[in-house]
Amino acid sequence: NHTIFNASLSHAAILFENLLDVADKKKEDVRIFSGCFEKEFYESLKGKVVKLLNSGVKVHLVSDCEKKDLEENEFIKTVSDHKNGTIKNLSEQKGIPHFILVGDSRYRVELDDSLKTARANFNDSSTGNMLLGLYNKLR
């Protein structure tokens with residue numbers, strides 16, 4: 001149980017890839033709360049997500065971006081068109097940090113979106129369950 005801090009988009013991508021690998025290995029659902037699912041970041045993860053979806057792992061997305069901004073997003077389309085994927089669009093949710101949660105104990109949660117700082121942990125059920133409760137309220 002070790003908290004990992006990150007402060008760059010490239011490090012965030014590495015953490016996301018590792019979290020998705022764990023989801024694949026353990027067959028645990030993936031939940032992501034994010035903004036517009038920026039193409040530059042999420043397109044590189046699409047292959048891993050498709051593999052998860054095809055293996056029966058559920059991938060649930062919640063976005064706080066304008067719906068019109070998601071219409072041409074290939075990552076969103078890939079997940080929402082798959083039987084094991086869901087997407088929900090909300091109006092802007094101020095004050096709620098973006099995060100990825102795998103199962104109920106592995107996560108990366110943003111501390112500051114503009115600076116891309118975050119903390120991650122691969123074995124913290126206390127924070128994981130708090131994020132799961134928050135995610136379920138968003139859904």
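Let's start with two side chains, those of Ser34 and Tyr42, which are joined by a polar contact of 3.4 Å. Keep in mind that this is a predicted model.

So where does Ser34 sit? You'll find Ser34 in strand S2, which covers residues 30-34. Is Ser34 buried or exposed? Its relative accessible area is 6%, and because buried means under 20%, Ser34 counts as buried. Which residues does Ser34 touch, if we leave out those up to four places away in sequence? Tyr42 is one of them, and Val62, Ser63, Asp64 and His98 complete the list.

Now let's zoom out from strand S2. There are 7 strands in an open sheet, and if you walk across it you meet them in the order S1-S7-S6-S5-S2-S3-S4. The pairing in this sheet is mixed. At the edges stand strand S1 (4-6) and strand S4 (85-89); each has a single partner strand, so one side of each has no neighbour in the sheet. From one strand to the next, the twist averages 15 degrees.

Let's look at one pair together. Strand S5, residues 99-102, and strand S6, residues 106-112, run antiparallel and are joined by 4 bridges. If you'd like a spot to click on, try Ile100, whose bridge partner in S6 is Arg108.

Last stop, the helix. Helix H1, residues 9-26, packs on the sheet and touches S1, S2, S5, S6 and strand S7 (117-121). The direction of helix H1 makes about 155 degrees with that of S6. Notice that S2 is among the strands touched by H1, and S2 is the strand where we found Ser34.

Terms used: Residues are numbered from 1 along each chain as its sequence is written. This is a predicted model: local features need pLDDT of at least 70, side-chain atom pairs count only at pLDDT 80 or more; totals for chains, interfaces and linings use all residues. Side-chain values use heavy atoms; hydrogens and water are left out. Helices (H or I, at least four residues) and strands (E, at least two) are DSSP runs, numbered from the N terminus. Buried means under 20% relative accessible area, exposed over 50%, partly exposed in between (1.4 Å probe, protein chains only). A polar contact is a pair of N or O atoms within 3.5 Å; within protein, one must be able to donate a hydrogen and the other to accept it, and residues adjacent in sequence count only if both atoms are side-chain atoms. Contact means heavy atoms within 4.5 Å. Two strands pair if DSSP finds at least two bridges between them. Axes are lines fitted to C-alpha atoms, for helices over the stretch in contact, and angles run from 0 to 180 degrees between N-to-C directions.
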